[in-house]
Amino acid sequence: MELNKDQTVMSEDNNKPQDPNPRLAWEGCSVLLDVNDGDRLVFARLSGGAILKIGNKNYSLKPLIGAPFGSLFQVESGEDGSFLSRILPIKKENDHNNVMDDSRDNRELVDNNEAQNLTGEEIEAMRREGAKGDEIIEALIANSKTFDKKFQLSQEKYKLKKQKKYAPKLLLRRPFSRSICEAYFKKYPARIGFLRVDALSLLLTMANITAYSDVLVVDMVGGLVTGAVAERLGGTGYVCSTYKGSSPYPVEMVRMFNFSDKVIERIVQASVTELSSAKTESPEENNQQGVSNTENNINEIATSDSMVEDVSVTAEVRVVDNVVPERKIIKAPKAGAKASKEIIDMWRENGFSSLIIAAQDQDPWSFVKDALPLLSYSAPFAIYHQYLQPLATCMHKLQQEKMAINLQITEPWLREYQVLPSRSHPHMQMSSFGGYVLSGIRISTT
């Protein structure tokens with residue numbers, strides 16, 4: 001009897017993620033789905049009833065459970081309809097060396113919709129018979145009158161266009177700070193304050209985020225900065241998300257990182273008033289306030305669960321999480337619990353080791369004048385803002401008050417390149433700027 005009980009406990013422990021970033025996708029974890037090489041990006045929470053809509057059809061996400069992150073899936077047809085099947089990427093031979101020697105061009109081609117002999121009814125008949133997407137593409141090429149006359153690069157574009165339509169592919173990506181930031185910056189940059197991935201990395205570097213650090217964060221970009229700091233700390237030190245007023249800022253994006261309970265316990269919240277107050281509260285008052293703030297925080301995160309689990313980075317793709325009654329879904333732990341009185345007292349005595357502020361549409365100086373005294377002396381800080389002038393004003397006031405040294409405003413610069421044989425050049429479309437970062441070191445004013 002005891003053996004069966006131990007086996008039951010071991011099986012329950014195996015269902016829980018032991019590592020904050022495991023290599024395999026498990027039921028209940030958050031994933032980033034990349035459809036057709038970045039054409040569509042969508043966040044989803046895996047479950048037996050979760051479905052993904054691609055085009056006009058719905059596909060179950062159950063085959064993704066247990067697959068390693070980085071796996072590639074392709075839409076295939078079977079007796080029960082279309083489904084997602086895992087495939088192994090095939091390395092094609094490099095046949096682009098003679099691109100410049102190709103004498104063909106597209107000058108004689110006329111786009112009159114008469115080049116394809118294969119009709120739509122014949123393509124649907126091939127699908128019903130179970131033909132794979134690659135077979136349909138080969139049939140389209142064989143029945144095209146103009147494919148052989150096209151330039152070599154045009155042939156590749158033709159194949160890619162047909163592959164996206166008849167054999168869409170899905171890449172299972174692990175959500176972490178870079179992938180989450182890039183996905184939101186691509187489609188919904190306003191939700192993260194137009195914080196680009198290079199600006200996020202610059203924030204972490206300028207604030208000297210290292211293991212066993214106690215980092216004070218003013219996060220008004222949905223929890224992206226809080227999650228990035230916690231990811232770098234790896235369960236050591238603390239991340240304190242502070243706020244002004246009575247209600248904390250939402251940090252729902254932290255749930256996308258798939259953090260373990262060990263990391264979640266290191267993410268706490270406390271108001272600026274609590275951190276800077278010199279008064280010591282009674283244990284009863286502290287417990288009552290902690291319970292009320294924790295309940296408020298849980299309610300805020302619960303109201304945004306639908307957005308976190310089903311948020312789509314495109315309007316065309318949606319994920320619907322249908323909970324199967326007999327299957328118990330493992331939900332991600334909630335971050336942002338109330339900081340205990342002992343930890344707050346320790347921070348009042350020793351101070352924080354770093355400060356990061358990312359407050360869009362707010363005056364940075366209104367946060368800096370209250371949060372900077374909470375740092376220990378010689379502690380670095382980094383402030384992000386979308387515009388330059390608010391940071392310049394804040395920098396001038398810091399110089400007047402003699403509160404910091406080594407002040408500098410940095411504008412990150414990023415350029416993406418397409419690297420292909422005979423076609424390497426910067427991308428045609430890219431972001432013009434990624435905001436500005438004000439950094440410095442706190443000093444004593446006495």
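In this predicted model, the charged end of arginine 266 sits over the ring of tyrosine 238, 4.7 Å from the ring centre. A second arrangement of this kind involves arginine 191, which lies over the face of tyrosine 188 at 4.2 Å from the centre of the ring. Tyrosine 238 also has aromatic company, as it belongs to one aromatic cluster together with Trp347 and Phe352.

Aromatic pairs number 6 in the structure. One of them joins phenylalanine 257 and phenylalanine 259, whose ring centres are 5.1 Å apart; the planes meet at 15°, so this pair is stacked. Planes count as stacked when they are under 30 degrees apart. Phenylalanine 257 counts as buried because its relative accessibility is 0%, and phenylalanine 259 is buried too, with a relative accessible area of 7%. Another pair, formed by tryptophan 347 and phenylalanine 352, is tilted, with 4.7 Å from centre to centre and 35° between the planes. Both of its members are out of the open: tryptophan 347 is buried at a relative accessible area of 3%, and phenylalanine 352 counts as buried at 1%.

It helps to set these details against the whole chain. The chain contains 14 helices and 18 strands. Of its 446 residues, 46% are buried. The exposed area comes to about 24300 Å², with carbon and sulfur atoms supplying 49% of it. Among contacts between residues at least 6 apart in sequence, 74% join residues that are at least 24 apart.

Valine 75 offers a local view of such a fold. This residue is placed in strand 5, which covers residues 72-78, and valine 75 is buried because its relative accessible area, 8%, falls under the 20% cut-off. Leaving aside residues up to four places away in sequence, valine 75 touches Tyr59, Ser82, Phe83, Leu84 and Pro168. Its C-alpha atom is separated by 6.5 Å from that of lysine 169, although the two residues are 94 residues apart along the chain.

Helix 3 (residues 133-142) gives a helical example. Its buried residues are Gly133, Ile136, Ile137, Ala139, Leu140 and Ile141. The cover over these buried residues includes helix 2 (120-128) and helix 4 (152-166).

Turning to the strands, an open sheet of 8 strands runs in the order 12-10-9-8-13-14-18-15, and its pairing is mixed. Strand 12 (337-338) and strand 15 (404-410) stand at the edges; each has a single partner strand, so one side of each is left without a neighbour in the sheet. Within the sheet, strand 14 (residues 380-385) pairs with strand 18 (residues 436-442) in the antiparallel sense, over 6 bridges. One residue link between them can be named: histidine 385 has tyrosine 436, in strand 18, as its bridge partner. Helix 7 (residues 224-233) packs on this sheet, where it touches strand 8 (214-219), strand 9 (238-243), strand 10 (267-271) and strand 13 (354-358). The direction of helix 7 makes about 160° with that of strand 8.

Methods
Residues are numbered from 1 along each chain as its sequence is written. This is a predicted model: local features need pLDDT of at least 70, side-chain atom pairs count only at pLDDT 80 or more; totals for chains, interfaces and linings use all residues. Side-chain values use heavy atoms; hydrogens and water are left out. Rings of Phe, Tyr and Trp (its six-membered ring) pair if their centres lie within 6.5 Å; planes under 30 degrees apart count as stacked, over 60 as edge-to-face and the rest as tilted. Buried means under 20% relative accessible area, exposed over 50%, partly exposed in between (1.4 Å probe, protein chains only). A charge sits over a ring if NZ of Lys or CZ of Arg is within 6 Å of the ring centre and within 35 degrees of the ring normal. Helices (H or I, at least four residues) and strands (E, at least two) are DSSP runs, numbered from the N terminus. Contact means heavy atoms within 4.5 Å. Accessible areas come from the Shrake-Rupley method with a 1.4 Å probe; for residues, only the protein chains shown count as cover. Two strands pair if DSSP finds at least two bridges between them. Axes are lines fitted to C-alpha atoms, for helices over the stretch in contact, and angles run from 0 to 180 degrees between N-to-C directions.
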